[in-house]
Amino acid sequence: MKRLFIVSFMALIAMIGTAAAYTPDIWDASGNGPVNGDLTLKPGDSVTLSYRMQSIGSVEQGKVLPYTSDVSVISGPGSASDITITTPASVTVPKADTYTDISAITISIDAAAPAGTIYRVSIGAGPVIIQSEIDSASRYVNSEIPEFPTVALPVAAILGLAFFMQRRKEE
């Protein structure tokens, strides 16, 4: 019970800390809408994105927020040096409550990067960091959720087999 209370308290503190900060998002190159889901790039590809800041009224107007970026490998044979992220040095907080830095970010993957590597890319301006995963693929990578029977039938078969073995053991 005490452990549950401590975990709940820490989660509450984390939410309070993020409530004071602005809300960033990665949008398409022209700033028309958010990039949905993770990105899949073929070796040698690059993508241009925009950085959108919302609820920035709490950040001091005219404050300069430096861009930061980081790459790490989640799985696969690649290395963090396979990904290059290009951003401006900083962004200045405008008067508006919402601002989109159009075509501010370019993410490139080396032509020699091995296929099948999943990278985690972190991009931020100021204290708020956005993380996204990028797949390196030479062919289509299926990222869809499987249908219910695809998951349920093997689980049901294993449970049925365990029940059957238990019944045979009792006899």
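What follows is a walk through this predicted model, from its overall layout to single residues and their contacts.

The chain holds two helices and nine strands. Read along the sequence, these elements follow the pattern α-β-β-β-β-β-β-β-β-β-α, with a helix at the start of the pattern and a helix at its end. The chain has 171 residues, and 27% of them count as buried.

Strand β4 is a useful place to begin with the pairing of strands. This strand covers residues 64-75. Strand β6, residues 90-92, runs antiparallel to β4, and three bridges join the two. One residue pair to look for here is V64 and T92: T92, in β6, is the bridge partner of V64. Strand β4 is also joined to strand β8, which covers residues 118-125. This pairing is antiparallel too, and it has eight bridges. Here S69 can be followed across to β8, where its bridge partner is I123.

Strand β4 also takes part in an aromatic contact. How many aromatic pairs does a search of the whole structure find? The search finds one. The pair consists of Y51 and Y67, and its geometry is edge-to-face, with 5.5 Å from centre to centre and 75° between the planes. An angle of 75° counts as edge-to-face because the planes are over 60 degrees apart. The two residues are 16 residues apart, Y51 in strand β3 and Y67 in strand β4, and the pair thus links distant parts of the chain. Both rings belong to buried residues: Y51 has a relative accessible area of 0%, and Y67 has one of 9%. Both values fall in the buried class because that class takes in residues under 20%.

Next to Y51 in the numbering is S50, which is also found in strand β3, residues 46-54. Is S50 buried or exposed? S50 counts as buried because its relative accessibility is 0%. Its side chain has polar contacts with backbone atoms of two residues elsewhere in the chain. On one side, the side chain of S50 reaches the backbone oxygen of A29 at 2.9 Å. In addition, a polar atom of the S50 side chain lies 3.0 Å from the backbone nitrogen of S103.

The contact with S103 leads to strand β7, where S103 is placed. S103 is partly exposed, because its relative accessibility is 37%. Its backbone has a positive phi near 50°, in a residue other than glycine.

S55 offers another positive phi. Its value is about 55°, although S55 is not a glycine. S55 is found in the loop between β3 and β4, and at 38% relative accessibility S55 counts as partly exposed. The loop between β3 and β4 also contains S58. With a relative accessible area of 52%, S58 is exposed; the reason is that the exposed class begins over 50%. S58 and Y22 are 36 residues apart in sequence, yet their C-alpha atoms are 7.1 Å apart in space.

Another loop, the one between β7 (99-109) and β8, contains T117. What is the relative accessible area of T117? The value is 0%, and T117 is therefore buried. The T117 side chain has polar contacts with two backbone atoms. A polar atom of this side chain lies 3.0 Å from the backbone nitrogen of G78. The backbone oxygen of P114 lies 3.4 Å from a polar atom of the T117 side chain. S50 and T117 can thus be read side by side, because each is buried with a value of 0%.

The last stop is helix α2, residues 148-170, which contains V155. Which residues make a nonpolar surface patch with V155? They are V151 and L159, and the patch made by these residues and V155 is about 270 Å². V155 itself counts as partly exposed, because its relative accessibility is 44%. A patch takes in residues with over 30% relative accessible area, so the value of 44% for V155 is above that cut-off.

Methods. Residues are numbered from 1 along each chain as its sequence is written. This is a predicted model: local features need pLDDT of at least 70, side-chain atom pairs count only at pLDDT 80 or more; totals for chains, interfaces and linings use all residues. Side-chain values use heavy atoms; hydrogens and water are left out. Helices (H or I, at least four residues) and strands (E, at least two) are DSSP runs, numbered from the N terminus. Buried means under 20% relative accessible area, exposed over 50%, partly exposed in between (1.4 Å probe, protein chains only). A polar contact is a pair of N or O atoms within 3.5 Å; within protein, one must be able to donate a hydrogen and the other to accept it, and residues adjacent in sequence count only if both atoms are side-chain atoms. Two strands pair if DSSP finds at least two bridges between them. Patches are made of residues with over 30% relative accessible area and no salt bridge: like charges are joined within 9 Å, nonpolar side chains (Val, Leu, Ile, Met, Phe, Trp, Tyr) within 5 Å. Accessible areas come from the Shrake-Rupley method with a 1.4 Å probe; for residues, only the protein chains shown count as cover. A salt bridge is a side-chain nitrogen of Lys or Arg within 4 Å of a carboxyl oxygen of Asp or Glu. Rings of Phe, Tyr and Trp (its six-membered ring) pair if their centres lie within 6.5 Å; planes under 30 degrees apart count as stacked, over 60 as edge-to-face and the rest as tilted.
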